[in-house]
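User: Hi! I would like to learn how to read a two-chain model, one feature at a time. Could you walk me through this one?

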Amino acid sequence: MAYGSWPGDDDELGKLVPLYVLVGGRTTPRNTSLDLATQVIAYPSDPAALEPQYRQIILSCGDWISIAEVAAYLDRPLTVIKILVDVLLEQGLLAIGAPAQQTVINRGLLETLLDGLQRL
Amino acid sequence: MKRTSVKVVVAGGFGTGKTTLVRSISEIEPLTTEELLTEASVGVDDLAGLTDKDSTTVALDFGRITINHEVVLYLFGTPGQDRFWFMWDELAQGAVGAIVLIDTRRLDSSFAAIDYFERRKIPFVLGVNMFFGERQYTEEEIRGALHLAAGVPLLWVDARDRASVRETLVSLVRHALSRLPDEAKV
């Protein structure tokens with residue numbers, strides 16, 4: 001069981017409640033469109049009312065940010081962050097952008113990308 | 001339009017300059033995130049010789065380029081160990097395409113990456129990293145050795161050089177555009 005092996009010696013996070021309890025035993029996000037590049041942003045809320053793990057995510061998402069960046073900044077495995085993000089989405093505390101892996105790679109998007117790269 | 005992220009995969013064998021390439025063009029210091037390995041993901045044999053830490057997580061390096069207010073590009077380096085194919089699937093799904101970096105001294109270390117993207121019909125360009133010195137082989141020699149399909153662009157790239165990396169990305173996006181099916185050209 002992967003989550004059971006999570007070290008409990010983290011100073012800032014994870015010391016109060018095991019992650020698998022916090023996420024209700026979820027091992028995969030229910031929203032399967034969550035990709036590591038999916039953009040998330042926090043809705044206005046009172047983060048103080050949340051458990052530390054969730055609060056850290058909300059505080060990381062003041063502006064659009066990818067799930068991978070949240071995981072990197074909080075030093076958490078991607079899967080764990082995805083599940084926590086999934087819970088926050090269900091609670092209406094986070095919004096997501098277009099799911100990356102469902103992005104229709106169309107001509108318009110590629111041309112936007114090309115223009116942007118050429119302006120770098 | 002919703003905030004949209006697009007992905008480019010940077011693949012290639014160990015030591016081909018993937019992280020260097022990401023670092024050269026990323027607007028942020030490249031970040032590292034880890035994915036947990038479950039027992040089902042990795043065969044017992046694959047764990048031989050790895051430390052305890054390596055056997056439970058796999059590291060991913062990535063960088064970011066903001067294209068405009070609505071579109072942001074992420075460059076993901078594939079895990080250094082090619083056997084972590086389950087991570088490649090997540091990286092490659094929905095990606096614009098891939099840059100496969102090769103080191104001409106170790107062509108064989110990039111066969112797996114080329115094969116992966118060819119099979120999935122994901123657009124890719126081959127980047128011959130000149131980090132290690134001069135062009136020891138001609139383009140034809142490299143194409144021949146790798147059995148590279150005629151349509152796949154081959155570029156000489158200096159992974160340390162931002163302009164060189166940018167041109168490689170531009171070539172990849174142009175290649176992806178050229179491969180759009182007709183019905184998507186609306």
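Analyst: Happy to. A good place to begin is the list of elements. Chain B has five helices and seven strands. Please keep in mind that this is a predicted model.

User: In what pattern do the elements of chain B follow along the sequence?

Analyst: Reading along the sequence, you meet β-α-β-β-β-α-β-α-β-α-β-α in chain B.

User: And how many helices and strands does chain A have?

Analyst: Chain A has five helices and three strands. From the N terminus on, its elements run α-β-α-β-α-α-β-α.

User: How do I get a feel for burial and for contacts across the sequence?

Analyst: Take one number for each. For burial, 38% of the 120 residues of chain A count as buried, and for chain B buried residues make up 39% of 186. For contacts, look at pairs at least 6 apart in sequence: in chain B, 75% of these join residues at least 24 apart. In chain A, 66% of the contacts with a separation of 6 or more are between residues 24 or more positions apart.

User: Next, the core. What is the general idea there?

Analyst: In soluble globular proteins, nonpolar side chains tend to be buried together. Here, the largest nonpolar core has 73 residues, and those with the most contacts inside it are Ile67(A), Leu113(A), Val8(B), Val10(B) and Val100(B). Helix 4 of chain A, residues 78–90, gives the most to this core, with eight residues.

User: Which residues is Ile67(A) in contact with, leaving aside neighbours within four places in sequence?

Analyst: Ile67(A) is in contact with Leu34(A), Leu36(A), Thr38(A) and Val40(A), and also with Leu78(A), Ile81(A), Lys82(A) and Val85(A). Some of these names come back when we look at a pair of helices.

User: How do I read a helix pair, then?

Analyst: Ask how the axes lie, then which residues meet. The axes of helix 3 (residues 67–74) and helix 4 of chain A come within 9 Å and cross at roughly 115°. The crossing is right-handed. On the helix 3 side, Ile67(A), Ala68(A), Val70(A), Ala71(A) and Leu74(A) take part, and they meet Leu78(A), Ile81(A), Lys82(A) and Val85(A) of helix 4 in chain A. By class, this contact has eight nonpolar, no polar and one charged residues.

User: Let me pick Ala68(A) from that list. Why does Ala68(A) count as buried or exposed?

Analyst: Count its neighbours. The cut-off for buried is 20 or more other C-beta atoms within 10 Å. Ala68(A) has 28, so this residue is buried. Setting aside residues up to four places away in sequence, Ala68(A) touches Leu36(A), Ala37(A) and Leu78(A), as well as Thr33(B), Phe62(B) and Tyr74(B). There is a pair to look at too: Ala68(A) and Thr38(A) are 30 residues apart in sequence and 8.1 Å apart in space, C-alpha to C-alpha.

User: Those chain B names lead me to the interface. How many residues does each chain give to the contact?

Analyst: Chain B gives 35 residues and chain A gives 34. On the side of chain B that touches chain A, the elements giving two or more residues are strand 1 (4–12), strand 2 (31–36), strand 3 (57–66), strand 4 (71–77) and helix 5 (162–178) of chain B. Helix 5 of chain B gives the most, with seven residues. That side divides into 16 nonpolar, 10 polar and nine charged residues.

User: What about sheets? In what order do the strands of chain A lie?

Analyst: Chain A has an open sheet of three strands in the order 2-1-3, with antiparallel pairing. Strand 2 (65–66) and strand 3 (94–96) of chain A are the edge strands, each pairing on one side only. Three bridges join strand 1 (residues 39–42) of chain A to strand 3 of chain A, and Ala42(A) stands opposite Leu94(A).

User: One last item: which residue that is not a glycine has a positive phi of about 55°?

Analyst: Asp75(A) has one, in the loop between helix 3 and helix 4 of chain A. Asp75(A) is exposed, with 12 other C-beta atoms within 10 Å. Lys121(B) also has a positive phi of about 55° without being a glycine, in the loop between helix 3 (111–119) and strand 6 (124–129) of chain B. Lys121(B) is exposed, with 8 other C-beta atoms within 10 Å.

Definitions and conventions. Residues are numbered from 1 along each chain as its sequence is written. Chains are lettered from A and ligands numbered from 1 in the order in which they are written. This is a predicted model: local features need pLDDT of at least 70, side-chain atom pairs count only at pLDDT 80 or more; totals for chains, interfaces and linings use all residues. A nonpolar core is a set of buried Ala, Val, Leu, Ile, Met, Phe, Trp, Tyr and Cys residues joined through C-beta atoms within 7 Å. Helices (H or I, at least four residues) and strands (E, at least two) are DSSP runs, numbered from the N terminus. Two residues are in contact if their C-beta atoms, placed from the backbone, lie within 7 Å. Ala, Val, Leu, Ile, Met, Phe, Trp, Tyr, Cys and Pro count as nonpolar, Asp, Glu, Lys and Arg as charged, and the others, Gly among them, as polar. Axes are lines fitted to C-alpha atoms, for helices over the stretch in contact, and angles run from 0 to 180 degrees between N-to-C directions. A crossing is left-handed if the near helix is turned anticlockwise from the far one by less than a right angle, and right-handed if clockwise. Two strands pair if DSSP finds at least two bridges between them.
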